[in-house]
Amino acid sequence: MAKVQKIKGFVDLFPEEAAKFTYMERVARETFGRYGFGELRTPVLEKTELFQKSIGEDTDVVGKEMFTFPDRKDRLLTMRPEATAGVVRAFIDSKTHQPGKVSKYFTFGPMFRYERPQKGRQRQFHQLNAEIFGANEAQADGELILMLRTFLNNLGLTKLTIELNSLGCHECRPTYKQALVDYYKSKDKDKFCEDCQRRMETNPLRVLDCKVPACKELVVDAPVITDHLCEECEAHFADVKAILDGAGVSYELNPRLVRGLDYYVRTCFEVASYDIGSQTAVAGGGRYDGLIKNLGGPDCSATGFACGMERLALLLDHVELDRPDFYLAVVDKDAANEAMLFAQELREKGLKGDVSYAGGSMKSRMRAANKSGAKVCLIMGGDEMVNKTITVKYMEEERDQETLERSLYLASL
Ligand code: HAM
């Protein structure tokens, strides 16, 4: 029979790999909780227009990478390519915002982008996401970056580079866009890729983010946003930097960092690793003050980030699964039921372990016990069954094997 293939770019996580994800989620919950964030879970499926209106029609994500299909009533739906748009939609729906109120949410989960799969790039991948609503102050951006760095430190990841930029605001960005358009006009238009020839008119900043080598080369001398910031953006950016400096966080200013999504204003940042191949960005984020209003919500500032869990997982050395406390080896088939009931008593006492279902040779059972990594191997054979005892073999201590009354053994735990 032909087997059903899994979908390209979609990945199964078996326990050893999944343990890394559980570990990241645990560290994230602890860290984000310390900063006053609460968990929000939103649907993986949203109306397509949500992403078109927020991420931007002219981005790769919306233009080329979304998993979009009609439902049974021909309404266009999209598997979320990122979490921010859905979190904003949920926040607007909740009608909980009041002027002056700050809300902080984190969310974990699968995202979907139709990209060419490679190391660190999948079509279903996972993000850890954090958003702050209701604070236009630079301190919120500073706090987020400090939280992100603390989280990465807590995972033991200290060799990462933070790149930082300001993208200006609706006041100063038009002047910068014009400077970019003038710059592009000074170049031979045909040398840019087709997408960029269009983007020059529709979204000049996007050209700076193009991955095509020829375009990359052509924008090397393009004007930089940080030379065009208005006074308020300049002061806002200075405060973000002052917070990072004050906390001793090192970062690199990258005036060409524009990010791949259109909703950003002012602060934007990425965290890069040079140890995971060509997909260097392990996290990215920034401020997106106009988005909540553009999606029909209140005039409320917002800032946030997301980490790519697959890329972080590539940097985590083997995260050990918790070792079992026991392996219960049944060596006489007739003892199988009694062994299962004894294992149940051990588990009710809070111990973790496995029981072999049926009888088998002592040698094969010992091999299984070793492989499981259990601290003790408990042996149940005919003698143990008759005498209501259990034989305990200590797997890591220099201690002789002993046979104990089962009730005494349970009482000793
Ligand atoms: P993003 O930069 O598009 O930002 O994605 C964040 C992170 O997700 C990336 O740095 C990367 O680690 C990971 N990632 C993205 N695409 C893939 C993929 N195909 N395979 C594996 N990992 C991937 C956002 O999504 C924004 N929503 C972040 C944000 C939150 N901004 C404000 N709030």
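The following exchange concerns the ligand site and residue A90 in a predicted model.

Reader: What makes the approach of R259 to the ligand a polar contact?

Author: A polar side-chain atom of R259 lies 2.9 Å from an oxygen atom of the ligand. A polar contact requires a pair of N or O atoms within 3.5 Å, so the pair qualifies.

Reader: How do you know that the backbone of V282 and of A283 also makes polar contacts with the ligand?

Author: For V282, a backbone N or O atom is 3.3 Å from an oxygen atom of the ligand. For A283, the separation between a polar backbone atom and a ligand oxygen atom is 3.4 Å. Both values fall within 3.5 Å, and therefore both pairs count as polar contacts.

Reader: How much of the accessible area of the ligand does the protein cover?

Author: Taken on its own, the ligand has 660 Å² of accessible area, and the protein covers 95% of that.

Reader: Which element gives the largest share of the shell around the ligand?

Author: Strand β10 does, with six residues. The shell comprises 26 residues, and E82, E115, E131, Y264 and A281 are the closest. By class, 10 are nonpolar, nine polar and seven charged.

Reader: Why is A90 called buried?

Author: The relative accessible area of A90 is 17%. Buried means under 20%, so A90 belongs to that class.

Reader: Where is A90 placed, and which residues does A90 touch?

Author: A90 lies in helix α4, residues 84–94. Leaving aside residues up to four places away in sequence, A90 touches L40 and T42. The C-alpha atoms of A90 and P43 are separated by 9.4 Å, although these residues are 47 residues apart along the chain.

Methods
Residues numbered from 1 in each chain as written. Predicted model: local features only at pLDDT ≥ 70, side-chain atom pairs only at ≥ 80, totals over all residues. Heavy atoms only, no water. Near = heavy atom within 4 Å. Polar contact = N/O pair within 3.5 Å; in protein donor to acceptor, adjacent residues only side chain to side chain. Areas by Shrake-Rupley, 256 points an atom, 1.4 Å probe, with all protein chains shown as cover. Helix = DSSP H or I, 4+ residues; strand = E, 2+ residues; numbered from the N terminus. Nonpolar A, V, L, I, M, F, W, Y, C, P; charged D, E, K, R; others polar. Buried < 20%, exposed > 50% of the residue type's maximum accessible area, 1.4 Å probe, protein only. Contact = heavy atoms within 4.5 Å.
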